[in-house]
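Reader: I would like a close look at one part of this protein, the place where its two halves meet and what each half is built from. Please take me through it in one go.

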Amino acid sequence: MRNSGILPPWLVLDPLLCGWLMEDIGRGDRTTNTLLIEDVTLGSAKWIAKASGIIAGLPVAARVFQILNEKVSFVAVATEGAWCEPGQVVAEIHGSLDALLMGERVALNLAMRLSGIATLTNIYIEKIADLPAQLVDTRKTTPGLRLLEKYATALGGAINHRMGLDDAVMIKDNHIAAAGGIGEAVTRIRSQIPYPLTIEVETESLEQVKEALQHKADIIMLDNMPLDMMRQAVQLICQQDRRVKIEASGNVTLETIRSVAETGVDYISSSAPITQSKWLDLSMRIVL
């Protein structure tokens, strides 16, 4: 893999995890709280993969259980970011059974979601592994899950695009329409943004590419361009200003990503690894 994911600090993630636990537990787990005495009944559990794919989210899952009871031991048997096969034990957990049972669903949901994203991301990456172009993700993420979903794409080998609107300037078609043109948008924004924010301009034609070059955009996105036009745009940009980075975007699929990469672009952005991924099936089994 070309990249590896880095989780945000728990200071950032804990409020999210606590919120998701509260959503699931509500006023109390009526089943577990009736059956067990808190912190008294100890037990163990194993997480088992039921499908093949890349495991992601094990540190997050461990934190879920430890928020419920700090004494819970969560041992990752599989390596975060490694490929697993059906029947493989990916984690072993020991601690109070009430914490294990109440945290099970939230922890599994997160790990299955992130593992599915990492797996599909890596499948995309393998299509262009021998080419210079790099896959980047987008802001098409599940509200509340962006930090973790982008962690999963990075774990699968992609590069994170901007996390939010404050990371960088991206002038898209609607911004261009609102400003009255690429030149107007770039000029107005450049005079106000702080150093070292970059300016990316989305283009749909060679004329727009020329305008973006004229106004010294740092990154030019070639959006939904036919491959022939994309090749012409890449040649035009490279001839005029090799400093400019080139990004391709728009309906990138497993069938088309290699052809797009072969045009010479630096980056290919796609929401598919997040929006089209399936959860990787995992299960938890209590072992008394």
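Author:
**Two domains and their sheets**

In this contact, 24 residues of domain 1 touch 26 residues of domain 2. The model is a predicted one. The chain is divided so that domain 1 takes residues 10-126 + 277-287, and domain 2 takes residues 127-276. Between the C-alpha centres of domain 1 and domain 2 there are 35 Å.

Domain 1 can be taken from its sheet outwards. Four strands form an open sheet in the order β3-β5-β1-β12, and their pairing is antiparallel. The edges are β3 (73-76) and β12 (282-287); each has a single partner strand, so one side of each has no neighbour in the sheet. From one strand to the next, the twist averages 20°.

At the β3 edge, the partner is β5 (residues 89-96), joined to β3 by four bridges in the antiparallel sense. Two pairs show the register: Phe74 is opposite Ile93 of β5, and Val75 has Glu92 of β5 as its bridge partner. On to the next pair in the order: β5 and β1 are also antiparallel, with seven bridges between them. Here Gly43 stands opposite Gly95 of β5.

Two helices lie across this sheet. Helix α3 crosses over β1 (42-49), β3, β5 and β12, and its direction is at about 170° to β3. Helix α4 lies across β1, β5 and β12, at about 165° to β12.

These two helices also pack on each other. The axes of α3 and α4 (residues 97-127) come within 9 Å and cross at roughly 155°. An angle over 145 degrees counts as roughly antiparallel, and that makes α3 roughly antiparallel to α4. The crossing of α3 with α4 is right-handed. From α3, the contact is made by Val60, Ala61, Val64, Phe65 and Leu68; from α4, by Ala99, Leu100, Met102, Gly103, Glu104, Val106, Ala107 and Leu110. By class, the contact of α3 with α4 has 11 nonpolar residues, one polar and one charged.

Helix α3 has a further helix partner. The axes of α1 (residues 10-25) and α3 (residues 58-68) come within 10 Å and cross at roughly 65°. That makes α1 roughly perpendicular to α3. The crossing of α1 with α3 is right-handed. Helix α1 brings Trp10, Asp14, Leu17, Cys18, Leu21 and Ile25 to this contact, and α3 brings Pro59, Val60, Arg63, Val64, Ile67 and Leu68. The contact of α1 with α3 divides into 10 nonpolar, no polar and two charged residues. Val60, Val64 and Leu68 of α3 belong to the contact with α1 and also to the contact with α4.

Now the other sheet. Six strands form an open sheet in the order β6-β11-β10-β9-β8-β7, and the pairing is parallel. At its edges are β6 (134-136) and β7 (169-171); each has a single partner strand, so one side of each is left without a neighbour in the sheet. The twist of this six-stranded sheet averages 25° from one strand to the next.

The partner of the β6 edge is β11 (residues 267-269), which runs parallel to β6 and is joined to it by three bridges. One of the bridge pairs is Gln134 with Tyr267 of β11. Towards the β7 edge, helices pack on the sheet. Helix α7 (residues 182-190) lies across β7 and β8 (199-203) and runs at about 165° to β8. Helix α8 (residues 206-214) touches β8 and β9 (219-223), and its direction also makes about 165° with that of β8.

The loops that follow these elements hold some backbone details. Most residues other than glycine have a negative phi, and most peptide bonds are trans. Against that background, a cis peptide bond joins Tyr195 and Pro196, with omega at about 5°. Pro196 is in the loop between α7 and β8. Lys216 is not a glycine, yet its phi is positive, at about 60°; its place is in the loop between α8 and β9. Asn224, also not a glycine, has a positive phi of about 55°, and lies in the loop between β9 and α9 (227-240).

Definitions and conventions. Residues numbered from 1 in each chain as written. Predicted model: local features only at pLDDT ≥ 70, side-chain atom pairs only at ≥ 80, totals over all residues. Heavy atoms only, no water. Pairing = 2+ DSSP bridges. Axes fitted to C-alpha atoms, helices over the stretch in contact; angles between N-to-C directions. Contact = heavy atoms within 4.5 Å. Parallel < 35°, antiparallel > 145°, perpendicular 65-115°, else oblique. Left-handed = near helix turned anticlockwise from the far one by under 90°. Nonpolar A, V, L, I, M, F, W, Y, C, P; charged D, E, K, R; others polar. Domains from an automatic or database assignment.
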